[in-house]
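Ready to practise reading a protein model? Work through the exercises below with the structure beside you, and try each task before you look at its solution.

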Amino acid sequence: MWRQRVLVSSGVRLFSRVAPQVVRVTAKNVAKLGSPKEGPKPRQLLSLPPFPGFPLPGKKSLNACHVTAISWAKYYFDEIQDSVIQSHFNKSLVQIEYPSSSDSVEKEGLGKPMRKIKPSDVMEVGARIHIPVSVAETAISKRFDTIPSGTLYPNADEIEYLQRLVKYKDSALLVLNKPPKVPVKGNMPIHNSMDALAAAALSYGYDEGPKLVHRLDRESSGLLLMGRTKESIAHLQLLFSYINKAQSKCQAWNDACEATYQRYWALVIGSPKDKEGLISARLSKVLLDDGKTERVVLAQHSSLEPSREAVTEYRVLGPTINGCSWIELRPLTSRKHQLRVHCAEALGTPIVGDYKYGWFVHRRWKQMPRIDIEPSSGKPYKLRWPEGVDIQKGSVLAKVPLLHLHCRELVLPNIAKFLDVLDGKSENVHPALGTRPDLLRFVASMPSHMKISWNLMSSYLV
């Protein structure tokens with residue numbers, strides 16, 4: 001203890017430097033003497049994509065020249081309640097990083113400087129918002145995702161369940177949020193596939209049920225697109241077979257095709273070396289030793305096996321917690337298991353729950369002692385344990401986690417608007433359809449096991 005002697009007329013007095021004491025009044029009006037109350041501990045930040053600067057798909061009223069920070073945040077988190085986003089801005093928890101920041105600071109390992117932003121501040125092209133991950137925390141329903149029974153003739157409860165999955169439908173297409181562990185394409189003896197169930201329960205007065213336009217893995221979840229007419233199915237299948245390549249004489253349709261994209265959220269083991277980048281790695285299929293099992297691998301230059309081009313954009317959403325990182329993936333090509341192979345083999349960070357392409361990493365990961373450090377403060381993270389939640393329901397802390405890969409966002413042309421033009425029935429869009437947007441945008445919430453993992457990974461500092 002540091003002490004100082006002070007001479008006075010009555011003798012020698014000793015003073016000690018101690019922590020400041022304050023008087024606090026509790027909720028019951030009881031005064032207590034103690035140390036100052038600590039402020040809120042910092043939370044890990046979620047990084048939004050750079051502001052694109054073009055008219056935002058699905059938001060015709062938003063002008064790219066004047067989009068406020070809160071409008072951009074609400075647009076990106078379309079599945080989150082506006083009041084939750086507003087509260088984060090009101091508490092001054094949202095920060096912004098401008099593209100004009102000096103790169104020299106980042107090279108020194110300090111990161112680009114950020115400042116707090118007001119909800120009314122106007123976004124600049126390339127500016128990136130950082131917001132606490134708590135913005136995407138959601139209450140976990142005790143009734144977890146159910147899987148319809150294996151029958152071609154669903155009962156009334158199963159039909160109601162399937163119809164709750166539908167996020168959008170019009171005369172040409174149908175979009176639904178596929179739960180995990182449900183196959184999209186069925187073969188005998190599989191009856192509970194999405195195409196069979198949709199044919200039985202989602203026709204909505206049409207002679208035939210909707211048909212698949214693209215596919216999701218059985219274990220993955222998220223936005224699944226289905227066509228409702230032969231014409232729309234043909235055009236959409238062409239669009240997703242060759243992303244951004246479906247061209248016609250209609251320039252508005254061509255522009256809409258160029259703007260088409262899918263974005264996935266995934267939880268991966270480890271963290272990519274670079275926080276964002278482009279993966280361009282060709283894929284080929286090989287047979288394992290049993291002669292039956294097929295697997296997708298990165299193509300070798302010296303291999304005689306045929307290969308196909310596969311390109312994926314990725315970016316890291318936040319820091320590494322509990323040995324895992326949340327990343328956002330945008331496939332620019334449509335190949336079988338493209339995202340899973342690119343994460344596991346190209347980045348070296350397999351997706352949590354992907355035992356086909358990341359089995360050995362999963363075994364090592366379960367045995368690794370980990371202390372994760374918050375980058376800005378250098379303090380360790382401590383995981384929260386949500387009350388009343390069973391982490392064994394496939395979450396990151398379960399003994400056998402489910403696949404953490406979710407198709408969260410989908411932007412595609414409004415094909416109902418352009419269908420007559422594409423089929424040659426008309427040279428121009430019908431006046432009654434002219435006011436409809438050229439692009440449709442959908443955002444789907446994560447399944448329960450990924451919500452639990454997100455809440456677990458929303459750590460606070462100790």
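**Exercise 1: two crossing helices**

The axes of helix α6 (residues 230-241) and α10 come within 11 Å and cross at roughly 100°. Describe how α6 lies relative to α10, and find the residues that meet.

*Solution.* Let us begin with the ground rules. This is a predicted model, in which local features need pLDDT of at least 70 and side-chain atom pairs count only at pLDDT 80 or more, while totals for chains, interfaces and linings use all residues. Residues are numbered from 1 along each chain as its sequence is written, and side-chain values use heavy atoms, with hydrogens and water left out.

Step 1: know the terms. Helices (H or I, at least four residues) and strands (E, at least two) are DSSP runs, numbered from the N terminus. Axes are lines fitted to C-alpha atoms, for helices over the stretch in contact, and angles run from 0 to 180 degrees between N-to-C directions.

Step 2: judge the angle. Angles of 65 to 115 degrees count as roughly perpendicular (under 35 is roughly parallel, over 145 roughly antiparallel, the rest oblique). The crossing angle therefore makes α6 roughly perpendicular to α10.

Step 3: list the contacts (heavy atoms within 4.5 Å). From α6, E231, S232, H235 and L236 meet I415, L419 and L422 of α10.

**Exercise 2: a small sheet**

Which strands stand at the edges of the open sheet?

*Solution.* Step 1: write down the order. Four strands form the open sheet as β5-β8-β6-β7, with antiparallel pairing. Two strands pair if DSSP finds at least two bridges between them.

Step 2: look at the ends. β5 (45-47) and β7 (115-116) are the edge strands; each has a single partner strand, so one side of each is left without a neighbour in the sheet.

Step 3: check one pair. Strand β6 (residues 95-97) is joined to β7 by two bridges, and Q95 has K116 in β7 as its bridge partner.

**Exercise 3: one loop residue**

Is V94 buried or exposed, and which residues does V94 touch?

*Solution.* Step 1: locate V94, which is found in the loop between α2 (82-90) and β6.

Step 2: apply the cut-offs. Buried means under 20% relative accessible area, exposed over 50%, partly exposed in between (1.4 Å probe, protein chains only). V94 has 1%, so V94 is buried.

Step 3: find the neighbours. Not counting residues up to four places away in sequence, V94 touches H88, F89, R115, K116, I117, I129, H130 and I131. The C-alpha atoms of V94 and I129 are separated by 7.2 Å, although these residues are 35 residues apart along the chain.
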